[in-house]
Amino acid sequence: MRALLLPLLRTSWAWPVGAAAAARLPRRASAGPGPRRTMTLYRTEERGQPHSPDYRLFFKNVAGHYISPFHDIPLKVDSEEENGIPTKRARNDEYENVFNMVVEVPRWTNAKMEIATKEPLNPIKQDVKDGKLRYVANIFPHKGYIWNYGALPQTWEDPHRKDKSTDCCGDNDPIDVCEIGSKVLSRGEVVHVKILGVLALIDQGETDWKLIAINVNDPEASKFHDIEDVKKYKPGYLEATLNWFRFYKIPEGKPENQFAFNGEFKNKAFALEIVKSTHECWKALLMDKCDGGAINCTNVQVCDSPFHCSQEEARSLVESVSFSLNKGSNEEDQVWHFLGQ
């Protein structure tokens, strides 16, 4: 029975660099960041059965302590900490454009996985709507998501703040990333990406930015510096991206999605300003200086945040979430047993 399998724990390793480790990376004399050797690891821990409402993917740091991928993984790969929040270091433009990306959905898959922004420590889970697990439809001629899809940590699109360029408020999530490299990444990986541009999707009146980025360790990463390079070296990819976002909700009976700027992809400079703005919104959220609504801001790294918790408290939160999910599964199995299933 399914109840006997829960909580099911599996572990894997992703390849990020946290703030402390990033500070130890040797400085280069070259003009841009080539492939980076990873100095530390993030660990992921699965609980519950994949493709079930109980599934959660929790994150741990190299010391084995639970962390939030939303709040505790630094936005910038190379950063220093000031009051627990990474601040920019003086580096050349290429280094300044390297960010951590949390992979939620590997390319060519359909399950709509996302950081659970309203749950303690924000594990990755599968989205549920009307009691059913969500999967994106295949948009001809593609299978599932056409990029590695995820989010930048320590960013937040404030639903109460109207964006001047789109005249719409944010969608209450971390900013989304479409990683266009050649490798199919794994759920829960934390990879270093450089931002190339951004698309402004308008979803039910909310701004839902879609960053275009590439893994800095991709074999072709050195060719890509701005959105024009995507047009040059991956012809048709941006058009396919626009059409994917335009049509992917139609099989659900919804209308086509709309876009700001008539669907034009904005360049790197514009995109970096959006990232900066969403990071500032996240800072205000973590310092309780704005209305976060149901967003769960529990964290273990941002020491000055009123939502900061200890490692022991974080462990207890994970266990309580797992117990709650397991309890629900037990009750469901008891019902099925009663019905003679």
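Q: What is a disulfide, and how many does the structure hold?
A: A disulfide is a covalent bond between the sulfur atoms of two cysteines. In a model, a pair of cysteine sulfur atoms counts as one when they lie within 2.5 Å. The model here is a predicted one, and it holds 0 disulfides.

Q: How far from Cys-290 is the nearest cysteine sulfur?
A: The nearest one belongs to Cys-281 and is 7.2 Å away, and Cys-290 is in no disulfide.

Q: Are cysteines such as Cys-290 and Cys-309 buried or partly exposed?
A: Here we look at relative accessibility, where buried means under 20%. Cys-309 has a value of 7%, so this residue counts as buried. Cys-290 comes out at 22%, and therefore counts as partly exposed.

Q: Let's move to a strand. How many residues of strand E16 are buried?
A: The strand covers residues 206–215, and 9 of its 10 residues are buried, so E16 is largely enclosed by the rest of the structure.

Q: Which strands pair with E16, and in what sense?
A: To read this, look for the bridges that join one strand to another. Strand E13 (residues 169–170) runs parallel to E16 and is joined to it by 2 bridges; here Gly-170 has Thr-207 as its bridge partner. Strand E14 (residues 176–179) is also parallel to E16, with 4 bridges, and Cys-178 is partnered with Ile-212. Strand E15 (residues 190–203) pairs with E16 in the antiparallel sense over 10 bridges. In that pairing, Ile-195 has Ala-213 as its partner.

Q: What lies between the strands in the hairpin of E15 and E16?
A: There are 2 residues between the strands, and Gln-204 takes a positive phi near 50 degrees in this hairpin.

Q: Now a helix: what span should H5 have?
A: A helix can be checked by its expected span, at 1.5 Å a residue. The 19 residues of H5 (residues 268–286) should therefore span 27 Å, and the end C-alpha atoms are 27 Å apart, which agrees.

Q: Which residues of H5 are buried, and where do they sit around the axis?
A: The buried residues include Ala-271, Ile-274, Val-275, Thr-278, Cys-281, Trp-282 and Leu-285. The buried residues of H5 cover an arc of only 160 degrees around the axis, so they are on the same side of the helix.

Q: What is found at the ends of H5?
A: At the N-terminal end, Asn-267 acts as a cap: a side-chain oxygen of Asn-267 lies 3.3 Å from the backbone nitrogen of Ala-269. Just after H5, Asp-288 takes a positive phi of about 60 degrees.

Definitions and conventions: Residues numbered from 1 in each chain as written. Predicted model: local features only at pLDDT ≥ 70, side-chain atom pairs only at ≥ 80, totals over all residues. Heavy atoms only, no water. Buried < 20%, exposed > 50% of the residue type's maximum accessible area, 1.4 Å probe, protein only. Pairing = 2+ DSSP bridges. Expected span 1.5 Å × (residues − 1). Arc of directions from axis to C-beta. Polar contact = N/O pair within 3.5 Å; in protein donor to acceptor, adjacent residues only side chain to side chain.
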